[in-house]
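Let's go looking for hidden gaps and charged pairs in a protein model. Have the 3D view ready, and we'll take it one spot at a time.

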Amino acid sequence: MVRLYYGGDYNPEQWPESVWAEDVALMREANVNLVSVGVFAWARLEPAEGRFDFDWLDRVLDLLHAGGIRVALGTPTASPPPWLGKAYPDTLTVNSEGVRLSYGSRDTYCMSAPAYRAAARRIAGALADRYAGHPALAMWHVHNEYGTPCHCDHAAAAFRRWLRHRYGGLDALGEAWTGAFWSQLYGDWDEILPPRATQYRPNPTQVLDYKRFVSDELLGCFREQRDILRAAAPGVPATTNFALARWVPVDTWSWAREVDLVAIDCYPPEGGVAGYEQAAFAADLARSWAGGKPWLLMEQSPGRLPGEITRLSLSHLARGSTGAMFFQWRASRGGAEQYHPGMVPHAGPDSRVFREVVELGGLLTRLPLAGSEPVEVALLWDPECWWAMPDGVDYQEMVAAAHRALLRAGISADLAHPEAPLAGYRLVLAIGTYLVSDAAVASIHEYVAGGGTLVVGPLSGIVDSELRVRLGGYPGAFRELLGIRFAELGESTEDTVKHEYGRGVAYYLPSGREDQLPAIASRAGVPPVPAKRGLDVRRRRTGATSWLFVVNHAAEPAELPARGTDLVTGRGIDGTLRLEPGRYAIIEELV
Ligand SMILES: [Zn+2]
């Protein structure tokens, strides 16, 4: 059986070499089989410009290999060393206030500075040359959580190039940006700047285009390194970890097409049942970005509540993750994240957290890797809606609320780009789909006309790709589908409005009425499976085998029908599975 990945970020450069042997021994005790190495080690790998020190990393990789542990080898470009900023100040980030930031933290780089790009290619190339053939190498972990925008003159020049490519000419740009409003028509490309601190509200389409540009510019940084690594080691997957936090401004749909393996970092803001629901949303996003291919939970936090290490990991595995990874292996003694939990906490291996780490590692050696579950519901999700939404409206929370309502009804959902093919779904939800392109409007109409069921929430269909209002009454793009017309933006209906269109049907779902979703799903042919809140039930199947993942995140015991062998306890289950609070089962089912 192919093993699931298990491990975390390993930062031996923070520790004396005498600790490394203990690390590997503890990893073996915990059945760790993959660690991310070198992610923040630039200052140790290249202590001065062009002078490399790989001896220590050679020893680390050899030691891990001897212990049977594989490596996701990082390129350290998210945290440039002080010498780079000192020698090339233009590699340091300029924020929207025009302040050039200093080194002294992390992620202080300029995505568009030629000197930064060159230094990043050089360190990635040196790592590729040295380690492409190392037997411990399992994958390349490029950078970390790409997401730093820059507003400097390099970024301005790159932004202008991006805009020329998008619009061709200044007249088209002026039209798209509604430049006639507040005298923002540009007569020369050199007049155009990234959005910088200004007197009053900035031009919203300029801000949106800048966010699109930042995503593409950072993606260019990723591609440069990926291509160097691929050339040196064909067949070794290259990935980067997507951060799900709100501050990360990249279009994950386009990025997902460029990585060999979708990898995410998932840090739910809350614990317990709420944290599970947040993690399930993240896992469904990752699964959807991967589009049926494998994906990996690259980072999560170990040890918020007793047992949560295993429960949250299983809820990710149930949604297709090929492993469970953490940040980080050994909790740092000092530094900016010294109290961030580690798999080996400050107290050492004689601790609750490490005992749970060992327990989960043992369990993962017995779990299947394969299988997926057919999903019949799609929630539209688009970072451009997130970037475009008026101030004060929380797009992520609007979509997450609908996802939670489905989750609590036992209904699995994909997240889908608004322009994605929808014909395979029985039910599609456009919640907060504020910005919608003409192509998406056509595709969604075609889906409903062909017999699909669509649910449209408030603030959907309001503007086009350039943030121009779709005129004639709200919700502009979906008026005809819904058979409704609002003259005021805040206007709504009391209850769900149903409207037949072609062979399908569209519903308008007023704000806060997610409780209607199970009944609508049922009418669309996706019956809800009533379950207690916090009880995660998912099935993965392949061929004639299926596994039922059941995780009780709730504080009360749970019961449900099941038949087969529980891979957690090894016991047979003949009819009824009973789970105490916080416990879990993976049933290999009899088919
Ligand atoms: Zn810059």
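## The largest cavity

The lining of the largest cavity is a mix: four nonpolar residues, two polar and three charged. Here Ala, Val, Leu, Ile, Met, Phe, Trp, Tyr, Cys and Pro count as nonpolar, Asp, Glu, Lys and Arg as charged, and the others, Gly among them, as polar. If you want to find them, look for Tyr116, Arg117, Ala120, Arg121, His143, Tyr146, Cys221, Glu224 and Gln225. Helix 5 (114-131) and helix 8 (204-232) are the elements that give two or more residues to this lining, and helix 5 gives the most, with four residues. Helices (H or I, at least four residues) and strands (E, at least two) are DSSP runs, numbered from the N terminus.

Bear in mind that this is a predicted model, where local features need pLDDT of at least 70, side-chain atom pairs count only at pLDDT 80 or more, and totals for chains, interfaces and linings use all residues. Residues are numbered from 1 along each chain as its sequence is written, and side-chain values use heavy atoms, with hydrogens and water left out.

## Counting the gaps

Rolling a probe the size of a water molecule over the atoms shows where empty space is left. A cavity is a set of points, on a 1 Å grid over the protein atoms alone, where a 1.4 Å probe fits but cannot get out; lining residues have an atom within 4 Å of a point. The points are joined across faces, edges and corners, and a volume is the space filled by probe spheres set on them. There are two cavities of 30 Å³ or more, and the largest holds about 50 Å³ of space.

The second largest cavity has about 30 Å³. Around it sit Asp9, Tyr10, Asn11, Gln14, Trp15, Gln328, Trp329 and Arg330. That lining splits into three nonpolar, three polar and two charged residues.

## Charged pairs

Side chains of opposite charge can pair when their charged atoms come close. What counts as a salt bridge is a side-chain nitrogen of Lys or Arg within 4 Å of a carboxyl oxygen of Asp or Glu. How many salt bridges are there? The count comes to 43.

One of them joins Asp23 and Arg330, at 2.8 Å from N to O. Asp23 lies in helix 1 (residues 20-29) and Arg330 in the loop between strand 9 (321-326) and helix 12 (352-364), so this pair ties together parts that are 307 residues apart in sequence. Are Asp23 and Arg330 buried or exposed? Both are buried, where buried means under 20% relative accessible area, exposed over 50%, and partly exposed in between (1.4 Å probe, protein chains only).

## Two bridges from helix 5

Glu46 and Arg122 also form a salt bridge, at 3.1 Å from N to O. Glu46 is in the loop between helix 2 (42-45) and helix 3 (55-66), and Arg122 is in helix 5, 76 residues apart. Glu46 is buried, because its relative accessible area is 0%, while Arg122 has 30% and so counts as partly exposed.

Now go back to Arg121 and Glu224, which help line the largest cavity. Their side chains meet in a salt bridge too (3.1 Å, N to O). Arg121 lies in helix 5 and Glu224 in helix 8, so the pair ties together parts that are 103 residues apart in sequence. Arg121, at 34% relative accessibility, is partly exposed, and so is Glu224, at 24%.

Methods. On a 1 Å grid over the protein atoms alone, a cavity is a set of points where a 1.4 Å probe fits but cannot get out, and a pocket is an open set with protein on both sides within 12 Å along at least five of seven lines; lining residues have an atom within 4 Å of a point.
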